[in-house]
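Please open the model in your viewer and keep the selection tool to hand. We will go from stop to stop, choosing what to select and saying what is there.

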Amino acid sequence: GMNAAVRAVTRMGIYVGAKVFLIYEGYEGLVEGGDNIKQANWLSVSNIIQLGGTVIGSARCKAFTTRAGRLRAARNLVEHGITNLCVIGGDGSLTGADIFRSEWGGLLEELVRDGQISEEVAQKNCHLNIVVLVGSIDNDFCGTDMTIGTDSALHRIMEVIDAITTTAQSHQRTFVLEVMGRHCGYLALVSGLASGADWLFIPESPPEDGWEDLMCERLGETRSRGSRLNIIIIAEGAIDRSGKPISSNYVKDLVVQRLGFDTRVTVLGHVQRGGTPSAFDRVLSSKMGMEAVMALLEATPDTPACVVSLSGNHVGVTVLHLSPCKTKDVQKAMDEKRFEEAIQLRGRSFENNWNIYKLLAHQKPAQEKSPFSLAILNVGAPAAGMNAAVRSAVRIGICQGHTIYVVNDGFEGLSKGQIREVGWHDVAGWLGRGGSMLGTKRTLPKTCMEKIVENVRKFNIQGLLVIGGFEAYGGLLQLVEARGQYEELCIIMCVIPATISNNVPGTDFSLGSDTAVNAAMESCDRIKQSASGTKRRVFIVETMGGYCGYLSTVTGIAVGADAAYVYEDPFTIHDLKANVEHLTDKMKTDIQRGLVLRNEKCHEHYTTEFLYNLYSSEGKGIFDCRINVLGHLQQGGAPTPFDRNYGTKLGVKAVLWMSEKLQEVYRKGRVFANSGDSACVIGLRKKVVAFSPVTELKKVTDFEHRLPQEQWWLNLRLMLKMLANYQISLTEYISGQMEHV
């Protein structure tokens, strides 16, 4: 994701009228100077967004840790008149930036004393502003929810785990996987949660003494129940209660000696740092890069060095010097064996992940059988992550002692009685499966209401969990509106939004949209690459999403598209003309290819064919055109790490909420719920998981176009246009507020 950040900072800098320099080889280039500091133009960062690593190089630098080194660095900056620095890096880079900034005044005085610069030059450059973007696959930085590169590292880990699972299943093997992360267990924890690993070692929470017996007993138990494989994930910094390291080979030998299982160790190593960045990382880095430039623009001499951070889905700016200290607190807690506290210091999301992993990894008998029965079904088009949500909902329901039914083929299956009770092990191995294992249909309840009611009565269903897209939400609304006629429908109901279109009201993200954006992005990367070396070419790519332009817009940012046409952002023939001219001008430079995305229903008359004809005739002699309709590849594929975990969390939260509601409305041995808040959509809004009553959401829904009336992602469209070099006035750009954390 670093290249996306370099691209965004460079282009946004040029956009606001600043001179932008790229410094090659990190702080080393800053100290060495010379050719390592080069002025950039718009095209310097063209076609790098899809590359892994960083095109400007990065190096650990001994010299910069000394004052003499920093003195040379200051001199090089002053020579180029640079007083604003944007640093992208991990812990070391942050510490370096903070020290450099605090010494700046002193360094300039020294340069004046030594006669290397004049008093006048020192005056002109007397303030250095620094903004930091945290790039680290460990995600061990306390001031931000996600660091640049973490999501891509998780993609690499999950690709390996998926591949290993197939071989382990064929050979009935046990695999011990060692993942990176130094002293932070984030990667191990999230990949353990996303793969349903049998056992997990993280440094923040060492296993209890005598864990060897417990682990072997549990692995043996899983096998005796018919599982053909075991997966054990171990963080490279794993330790036991006394602080002694636990190595992957020790774990392997243990399993071989005690259980005699065929066991292999795989150390993932630097695979995790490489490869093409995920969509999340590209979009995050682009947003952070633009925010960094705004922060530098608005900085005054009193502004402290600051960090661009992510909170929920909002990118803001936090003050630097506090965050690394918080990160060091975690290490201190671990050294002093205050492990509970270490987990809390890592943040709410880390603690939440750990608790959910422990709940779902291994069946604990329920305290007591509950009187409630819940049914789970999938509705609408398949979306990646549905199975993860079903799995966690089933397991958490069993933990609570409920009777859990699953329904095949959506509302239609509910009306036909395709309903069966499931146990803990029936959903093993579902996490990484794409599509819908239960089967799903678009049928709405009103076509078969009588029969649905009959089966709800017959199976005594008191809670209904519907996982699906706009149909799931619309269907639930129909059930709620039929409560007046049928008392059987006065039960607790919940929708988990799952659709690639991301068009369900009540949530910022639907399950499956991350996987779809990544699929569309990978295709566009290949399409772009297909033109390299040929004559100039523009691709018109059509994406899915119904009337919702989320998929087009986010994919457009991730692949650096020249335009993305969507229904929500109306366009006229004048806009089309401007876009064509813009591309024609661009193609007269060194750029060989253009990419234009079009959402399938963005305009009734300006179809994909129309755009193709328009661009072809206007670009005659300059470039030629090709059409690509991405179609159903956006729906398929294994779920991304985000969708696996998001599905898992939503499944857990939804069932816990339903259990709580059932307790509230349980009187004299029966459930009767008819208030608005007994039928909700669960979703992520900004930072919190919230439950919104469907009757409330109805007021903010455009049913004709199957869209929420207000959509948060529309403000990303400006970023897409700015980074593609459209002339937009800066007053339209709303930057994040400075927060002191």
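## First stop: helix α19

Begin by selecting the buried residues of α19: Tyr-550, Leu-551, Ser-552, Thr-553, Val-554, Thr-555, Gly-556, Ile-557, Ala-558 and Val-559. Bear in mind as you look that this is a predicted model. How many of the residues of helix α19 are buried? The count is 10 of the 10 in residues 550–559, so the helix is largely enclosed by the rest of the structure.

Now colour the elements around the helix. The buried residues of α19 pack against three helices and three strands, which you can select one by one:

- helices α10 (279–298), α18 (513–530) and α24 (717–723);
- strands β17 (537–543), β18 (563–565) and β19 (593–599).

Step past the end of the helix and pick Gly-560, which follows α19 and has a positive phi, near 65 degrees.

## Zoom out: the whole protein

Show the full cartoon next. The protein has 24 helices and 27 strands. Along the principal axes, the C-alpha trace spans about 90 × 70 × 45 Å. A compact globule of 741 residues would have a radius of gyration near 27 Å, and the 28 Å of this protein agrees with that.

If you colour by burial, 59% of the 741 residues come up as buried. The protein exposes about 29900 Å², and carbon and sulfur atoms supply 50% of that area.

A contact map is a good companion view. Among contacts between residues at least 6 apart in sequence, 79% join residues at least 24 apart. For the charges, mark the mean position of the 78 positive ones and that of the 80 negative ones: these two points are 4 Å apart.

## Second stop: Gln-50

Select Gln-50, in the loop between β2 (37–39) and α3 (67–79). Is Gln-50 buried or exposed? Its relative accessible area is 18%, which falls under the 20% cut-off, so Gln-50 counts as buried.

Show side chains here. The side chain of Gln-50 makes a polar contact with that of Asn-47, at 3.0 Å. Leaving aside residues up to four places away in sequence, Gln-50 touches Thr-276, Pro-277, Arg-282, Asp-525 and Lys-528.

## Third stop: two residues with positive phi

Most residues other than glycine have a negative phi. With that in mind, pick Lys-668, which is not a glycine yet has a positive phi of about 45 degrees. Lys-668 sits in the loop between β21 (666–667) and β22 (670–671). At 88% relative accessibility, this lysine counts as exposed.

Then move to Arg-706, another non-glycine residue with a positive phi, here about 55 degrees. Look for Arg-706 in the loop between β25 (701–702) and β26 (707–708). What is the relative accessible area of Arg-706? The value is 31%, and Arg-706 is partly exposed.

## Last stop: Val-629

Finish by selecting strand β20 (residues 624–629), where you will find Val-629. Val-629 counts as exposed, at 53% relative accessibility. Use the distance tool from the C-alpha of Val-629 to the C-alpha of Ile-376: the two are 34 Å apart in space and 253 residues apart in sequence.

Note on methods. Residues numbered from 1 in each chain as written. Heavy atoms only, no water. Helix = DSSP H or I, 4+ residues; strand = E, 2+ residues; numbered from the N terminus. Rg over C-alpha atoms; globule rule 2.2 N^0.38 Å. Buried < 20%, exposed > 50% of the residue type's maximum accessible area, 1.4 Å probe, protein only. Contact = heavy atoms within 4.5 Å. Areas by Shrake-Rupley, 256 points an atom, 1.4 Å probe, with all protein chains shown as cover. Lys, Arg positive; Asp, Glu negative; His and termini not counted. Charge placed at Lys NZ, Arg CZ, Asp CG, Glu CD. Polar contact = N/O pair within 3.5 Å; in protein donor to acceptor, adjacent residues only side chain to side chain.
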